[in-house]
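Dear colleague,

I am passing on the structure below, and after it I have set out what was found, going from one chain to the contact between chains and then to a single pair of helices. Please read the notes with the structure open beside them.

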Amino acid sequence: MIYLQLFWAFFISNILGYGGGPPSIPLIQAEVVDTYKWLTLKEFGDVLAIGNALPGPIATKMAAFVGFQVAGVAGATIALIATVLPSAIAMVILFKSVAYFKDSPYVKEMTKSVQPVVAVLLGILAYQFFIHAFYDSGMIHTAILAIGSFVAMEVIKIHPSIVIVSSLAYGAILLS
Amino acid sequence: MSYKDLFIGFARSGLLGYGGGPSVIPLIRYEAVEKYKWMNDEEFGDILALANALPGPIATKMATYIGYRVKGTLGALVAVLSHIIPTVVAMIALLGSLYAMGQSAIIKGMIAAVGPVIGMMLAVMTYQFLQKTWKGMGIAGSIASIGVAIVALKFIGIHPAIMIAIFIAFAFIKTFIRNRAATEVSHQGSTMNRSVEK
């Protein structure tokens, strides 16, 4: 049963994520946190943080970790299969008709149509993280970390993994 | 063309690419086109176009298909596993040990400090998707679709997956109707031409 749920949760959130791994993040959150309650929102935030600090595709890292937490190595395997296999098989089968897909107006419209929903979902998620941080660490620390990380990533263009490691150090010293 | 090349090529691009699948694509291109010459630039472009057209994670679709092309089903398996397994193991080891030490005040402080940073990363991603929406739909379309999405997701509480499915279905129908209207117009045009010729 748990394996079926894991498969379904990761299948549905990845197959609806048009445009690669990142648009799937809020969909994975909806299944993992809201529907099945495998992780709290805070734990999901940790997964996202470590996932962003490590290289490689994001969706597979999240699937493997959540699957592992819920049902060990078998759980991680199931979640990974659900994430990777359906679209991989479609790729192999459909490659012969690539000329049709490449310029298809359907594909362009469908990719576009997902974007506003993903924007709203990400916005809601961002808001929730700020609210949680505000209650946990207070206004000043939240503001320093949020503005500091924005400047570091977007203005100075420091690597995200360095920003996350720095924030961990900040927390170890100032928030413990 | 060997399994070892597939393994090295995809392990390397998986370990050096930061920021999720889409940012890994240039690295995969380097391995597939320049380093191992499994295909030329044009073929790589076709594969990328199809990967972009299908839903789901990009990098794993690319790895599977290129592996399949080079060495069949086993090649696909080698490529995708060497691309994802190293970081997947690192992820479980890192987070697992973080939670194992869970109750110490230092770990709690570290986890608390990551919250606002993740919030900011998500806010930046929100902005990027708003920009894409605006580019794709124009001002009126963006405001309407975002308004509908906010009301449905936040206030009515419709499940995000259902919401996305509805938007995709809507786009599909819209394109279908537009295509049909376009072919009808061209049909009418051609019959008019014929009557003029008569």
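Read from the start of its sequence to the end, chain A follows the pattern α-α-α-α-α-α-α, which amounts to 7 helices and 0 strands. Please keep in mind throughout that this is a predicted model. The C-alpha atoms of chain A fill a box of roughly 55 × 40 × 25 Å when it is taken along the principal axes, and of the 176 residues in the chain, 56% are buried. Among the contacts in chain A with a separation of 6 or more, 53% are between residues that stand 24 or more positions apart.

Helix 1 of chain A, which runs over residues 2-15, allows a simple check of geometry: at 1.5 Å a residue its 14 residues should span 20 Å, and because its end C-alpha atoms are 20 Å apart, the expectation and the model agree. In this helix the buried residues are A:Leu6, A:Ala9, A:Phe10, A:Phe11, A:Ile12, A:Ser13, A:Asn14 and A:Ile15.

Turning to the contact between the chains, 90 residues of chain A are in contact with 83 residues of chain B. On the chain A side, the elements that give two or more residues are helix 1, helix 2 (25-35), helix 3 (41-53), helix 4 (58-94), helix 5 (98-102), helix 6 (105-155) and helix 7 (160-174), and the largest share, 32 residues, comes from helix 6 of chain A. Sorted by class, the side of chain A that touches chain B has 58 nonpolar, 25 polar and 7 charged residues.

Within chain B, one helix pair was described in detail. Helix 1 (residues 3-16) and helix 2 (residues 25-35) of chain B pack at an angle of about 150°, with their axes 8 Å apart; since an angle over 145 degrees counts as roughly antiparallel, these two helices of chain B are therefore roughly antiparallel to each other. The crossing of helix 1 of chain B and helix 2 of chain B is right-handed. Where they meet, helix 1 of chain B brings B:Gly9, B:Arg12, B:Ser13 and B:Leu16, while helix 2 of chain B brings B:Leu27, B:Ile28, B:Glu31 and B:Lys35. By class, this contact has 3 nonpolar, 2 polar and 3 charged residues.

With kind regards

Key
Residues are numbered from 1 along each chain as its sequence is written. Chains are lettered from A and ligands numbered from 1 in the order in which they are written. This is a predicted model: local features need pLDDT of at least 70, side-chain atom pairs count only at pLDDT 80 or more; totals for chains, interfaces and linings use all residues. Helices (H or I, at least four residues) and strands (E, at least two) are DSSP runs, numbered from the N terminus. The expected span of a helix is 1.5 Å times one less than its number of residues. A residue is buried if 20 or more other C-beta atoms lie within 10 Å of its own, exposed if 12 or fewer, and partly exposed in between; C-beta atoms are placed from the backbone. Two residues are in contact if their C-beta atoms, placed from the backbone, lie within 7 Å. Ala, Val, Leu, Ile, Met, Phe, Trp, Tyr, Cys and Pro count as nonpolar, Asp, Glu, Lys and Arg as charged, and the others, Gly among them, as polar. Axes are lines fitted to C-alpha atoms, for helices over the stretch in contact, and angles run from 0 to 180 degrees between N-to-C directions. Angles under 35 degrees count as roughly parallel, over 145 as roughly antiparallel, 65 to 115 as roughly perpendicular and the rest as oblique. A crossing is left-handed if the near helix is turned anticlockwise from the far one by less than a right angle, and right-handed if clockwise.
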